[in-house]
Amino acid sequence: MKIGDYKLHSVQTGLFKLDGGAMFGVVPKNLWQKTNPSDDQNRIDMCTRALLLDSGKRKILVDTGIGYKLSDKINRIYDVDFSHYALEKSLAALNLKNEDITDVILTHLHFDHAGGSTYYDEEGKIKSAFPNAAYFVQKKQYEWALNPTERDRASFFPENYKPLQEFKMLNLIDGEHEFDKFITLLPVNGHTSHMQMVKVSDGENNTLLFTADLIPTAGHIPAPFIMGYDLFPLTTLEEKKKYLKEISENDWTVFFEHDPYNECVKVGLNERGFYIKDKFTLE
Ligand SMILES: [Zn+2]
């Protein structure tokens, strides 16, 4: 897919699993298991699919996956699996290396979105995974991540983002932001404070929305199907209704970060609510 100056590519960074109940909040299992079947530990299949925007000059990565710094114990809890996909492998398939990335837009700083931003070298020193990139995150998300609550602190690992600030590679964005002519960063607050979605649009009839954790999988298209992880679920509900209306009315493409089976969809609205009209991939 091409939008404006940018060619868009899906960059699979890995697979993992999360508790199905936590992923669907108050929705009963007999409803969500139709779209998202669970394993013997009640976990559903997830992926960490990043998005690459390539204008030739600029190579922008949206989110960086889980990365390789988690302990074996935590990797086991989430069944983190790089045997099918890894960020470097996916970039190599596009003839790119980490060094080629000019910008990294982080939707938020949960470990499954920002973990691949840094790594430990052979001497155990923390390094930026994209040495030539400027990183971007919402200022209020960064501040939240430095001081999360007991309810969400398990999702934040400071080694994923604090070093970037120390290296002076992190740019803190304040609110809705026109990143360039084709890219707009849209903050939403239901999942965590100031997560930013990435809207890529030619201003005419071609728009893609990287919804991050506002709509993590195709199973989350119905407005009330909201994750138990969300800090402010009623805010998520309002944000989903607002954006799903815009998505369906203007025929935007939704790009899923966490759905291993569905990359992109178009959304319709009928008397029963929002539904998937069409499924496809970027390539
Ligand atoms: Zn996530």
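**Close-up of Lys-17 in strand S2.** In this predicted model, Lys-17 is found in strand S2, where helices (DSSP H or I runs of at least four residues) and strands (E runs of at least two) are numbered from the N terminus. The residue is buried, its relative accessible area being 18%; buried stands for under 20%, exposed for over 50% and partly exposed for values in between, with a 1.4 Å probe and protein chains only. Along the chain, Lys-17 and Asn-75 are 58 residues apart, while their C-alpha atoms are separated by 9.8 Å. Residues are numbered from 1 along each chain as its sequence is written, and side-chain values use heavy atoms, with hydrogens and water left out. Because the model is predicted, local features need pLDDT of at least 70 and side-chain atom pairs count only at pLDDT 80 or more, whereas totals for chains, interfaces and linings use all residues.

**Close-up of the zinc ion and its four coordinating residues.** Asp-112 and Asp-213, each through OD, together with His-113 and His-258, each through NE2, coordinate the zinc ion at 2.0 to 2.3 Å; donors are N, O and S atoms within 2.8 Å of the metal (3.2 Å for Na, K and Ca), and as water is not among the atoms, a site may look incomplete. Read along the chain, the donors of the zinc ion have the spacing D-H-x99-D-x44-H. His-113 belongs to helix H5 (residues 111–114) and His-258 to the loop that runs between strand S14 (253–255) and strand S15 (264–270), so that this pair of histidines ties together parts lying 145 residues apart in sequence. Both ends of that link can be followed inwards: His-113 is buried, with a relative accessible area of 0%, and His-258 also counts as buried, at 1% relative accessibility.

**Close-up of the largest pocket.** The largest pocket holds about 390 Å³ of space. Pockets and cavities are sought on a 1 Å grid over the protein atoms alone: a cavity is a set of points where a 1.4 Å probe fits but cannot get out, a pocket is an open set with protein on both sides within 12 Å along at least five of seven lines, and lining residues have an atom within 4 Å of a point. Points are joined across faces, edges and corners, and a volume is the space filled by probe spheres set on them. Of the 21 residues that line the largest pocket, Thr-35, Ala-218, Gly-219, Ile-221 and Pro-222 lie nearest its centre. Helix H2 (29–32) and strand S16 (273–280) each contribute at least two residues to this lining, and S16, with five, provides the largest share.

**Close-up of the second largest pocket.** About 270 Å³ of space lies in the second largest pocket. Its lining consists of 18 residues, and those closest to its centre are Leu-18, His-110, Phe-111, Ser-155 and Tyr-229. Strand S2 (6–19) and helix H5 are the elements that give two or more residues to this lining.

**Close-up of an aromatic pair and a ring cluster.** Ten aromatic pairs are present in the structure. One of them joins Phe-111 and Phe-157 in an edge-to-face arrangement, with 5.7 Å from centre to centre and 90° between the planes; rings of Phe, Tyr and Trp (its six-membered ring) pair if their centres lie within 6.5 Å, and planes under 30 degrees apart count as stacked, over 60 as edge-to-face and the rest as tilted. Phe-111 sits in helix H5 and Phe-157 in the loop between helix H6 (139–146) and helix H7 (162–166), and this pair thereby links distant parts of the chain that are 46 residues apart. Phe-111 and Phe-157 are both buried. Elsewhere, Phe-24, Trp-32 and Phe-225 are linked into a cluster by ring pairs.

**Close-up of the cavity lined in part by Phe-157.** One cavity of 30 Å³ or more is found when the whole structure is searched, and about 50 Å³ of space lies in the largest cavity. Besides Phe-157, its lining comprises Ile-66, Lys-69, Leu-70, Glu-159 and Asn-160.

**Close-up of two residues with positive phi.** Asp-63, although not a glycine, has a positive phi of about 70°. Asp-63 is placed in the loop between strand S4 (59–62) and helix H3 (72–77) and counts as buried, at 0% relative accessibility. Ala-212, likewise a residue other than glycine, has a positive phi near 50°. Ala-212 lies in the loop between strand S13 (207–210) and helix H8 (233–250), where it counts as buried with a relative accessibility of 0%.
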